[in-house]
Amino acid sequence: MNQQLIEQIVGEILGQLGKTPVQLPERAVPIAVSARHVHLQPEHVEVLFGAGYELTQRSELSQPGQFAANETVMIAGPKSSIERVRILGPVRKATQVEVSFTDAMKLGVKPPLRESGNIEGSAPITLIGPKGSVHINQGLIIAQAHIHMAPTDATRFGVEDGEYVTVEADGVRSISFRNVRIRVNERYRLEMHIDTDEANAGFITQGSIGRLVKSNDAKETIPMQAVTETKIETVKTSHPVSIPKALEFTKKLLSAEDVAVISEKEIVINKGTIVTALARDTARELGKTITSRK
């Protein structure tokens with residue numbers, strides 16, 4: 001079974017699941033992981049796919065009226081390119097490309113973190129289709145985490161359009177997403193959208209459930225000023241605590257993705273380990289060093 005057919009079947013299944021109403025616990029929010037994708041304006045559809053061309057629907061998305069198209073494009077930056085980036089429909093008034101931070105490092109671009117639709121002054125990118133290419137001077141962003149909800153959901157949660165909340169997700173690697181923007185519209189269905197980097201950080205998969213927490217519901221924290229004015233007792237231990245400054249990397253290939261997720265500032269590799277050019281560039285950008293074991 002080829003990859004395209006697998007993707008089509010998965011998309012159809014998710015589309016059907018999205019139509020089935022689910023009773024959720026109080027303050028629960030379904031989480032959807034949004035991979036890199038493209039929204040196109042009508043004239044760019046024709047440039048990329050030919051005069052008079054219209055997008056064709058592959059599967060419905062959870063938000064009413066939106067769909068994943070059969071069409072894909074290549075996106076290209078100064079360093080690299082990414083193929084088969086899915087187009088989402090319907091067309092919009094302005095072309096927008098949404099990527100993760102990991103994607104951005106691979107492409108060699110620096111998109112801002114923005115709410116979808118806010119592309120003024122964002123990063124440039126080139127899109128390549130079967131019939132032509134388009135370079136946009138702005139439109140590339142990393143999408144800010146947000147929650148779609150109907151007015152009835154907003155009333156139930158006690159939130160308003162444009163408000164920022166925290167969403168907690170429990171699991172093997174529990175995580176809290178702060179500054180999640182609320183988006184309220186009659187057409188929306190309750191769902192939080194995060195990108196693949198955010199999902200990977202919390203081991204989150206499609207269908208996971210988060211818990212919405214308003215700022216006044218959060219646990220009480222001590223202001224930084226209060227901390228500086230509070231007497232702090234020193235805890236003595238029999239053994240000094242050592243913080244690792246270097247990571248012993250044992251794989252045979254060091255990629256840019258590996259460099260991005262490693263927290264240590266020095267990465268020690270074995271003799272013969274292959275280091276990609278993009279990995280070295282990523283390490284340099286993040287202030288990390290790659291050294292070979294002697």
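Of the 294 residues in this protein, 39% count as buried. Keep in mind that you're looking at a predicted model. The accessible surface adds up to about 17,800 Å², and carbon and sulfur atoms own 53% of that. Scroll along the chain and you'll pass 8 helices and 19 strands. How much of the contact picture comes from residues 24 or more positions apart? Among contacts with a separation of 6 or more, such pairs make up 62%.

**Strands around β9**

A good place to start is strand β9, residues 133-143. Several strands pair with β9, and here is how they do it:

| Strand | Residues | Direction relative to β9 | Bridges |
|---|---|---|---|
| β6 | 96-98 | parallel | 2 bridges |
| β7 | 113-114 | parallel | 2 bridges |
| β8 | 123-128 | antiparallel | 5 bridges |

You can pick out individual partners too. Glu-98 has Ile-141 of β9 as its bridge partner, and Arg-114 sits opposite Ala-143 of β9. On the β8 side, Ile-125 faces Ile-136 in β9. How many residues does the hairpin between β8 and β9 run through? The chain gets from β8 to β9 by way of 4 residues.

**Two nonpolar cores**

Now look inside. As a rule of thumb, nonpolar side chains in soluble globular proteins tend to be buried together. In this model, the largest nonpolar core has 24 residues, and those touching the most other members are Val-38, Leu-40, Ile-75, Ile-87, Val-97, Ile-125 and Leu-127. Which elements give two or more residues to this core? They are α2 (42-49), β4 (67-76), β5 (81-89), α3 (101-107), β8 and β9. The top contributor is β4, with 4 residues.

Leu-127 makes a handy spot to zoom in on. Setting aside neighbours within four places in sequence, Leu-127 is in contact with a long list of residues, including Val-38, Leu-40, Leu-48, Val-73, Ile-75 and Val-97. Its contacts also include Gly-132, Ser-133, Val-134 and Ile-136. There is a second, separate core as well: it has 22 residues, among them Ile-147, Ile-182, Met-192 and Ile-194.

**A buried threonine**

Next stop is Thr-166, which you'll find in strand β11, residues 164-169. Is Thr-166 buried or exposed? Its relative accessible area is 15%, and buried means under 20%, so Thr-166 counts as buried. Which residues does it touch, leaving aside neighbours within four places in sequence? Thr-166 is in contact with Ser-176, Phe-177 and Arg-178, and also with Arg-211, Leu-212 and Val-213.

**Helix α8, a helix with two sides**

Finally, head to helix α8, which covers residues 277-285. Here Ala-279, Thr-282 and Ala-283 are buried. Why do they line one face of the helix? Looking down the axis of α8, the buried residues fall within an arc of 100°, so they line one face. Flip to the other side of α8 and you'll see Ala-277 and Arg-284, which are exposed.

What covers the buried residues of α8? The cover includes two helices you can find in the model, α3 and α7 (256-261). Strands join in too: β16 (253-254), β18 (274-275) and β19 (289-292) are part of this cover. Recall that α3 also gives two or more residues to the largest core. After α8 comes Gly-287, which has a positive phi, near 75°.

Terms used: Residues numbered from 1 in each chain as written. Predicted model: local features only at pLDDT ≥ 70, side-chain atom pairs only at ≥ 80, totals over all residues. Heavy atoms only, no water. Buried < 20%, exposed > 50% of the residue type's maximum accessible area, 1.4 Å probe, protein only. Contact = heavy atoms within 4.5 Å. Areas by Shrake-Rupley, 256 points an atom, 1.4 Å probe, with all protein chains shown as cover. Pairing = 2+ DSSP bridges. Core = buried A, V, L, I, M, F, W, Y, C linked by side-chain atoms within 4.5 Å. Arc of directions from axis to C-beta.
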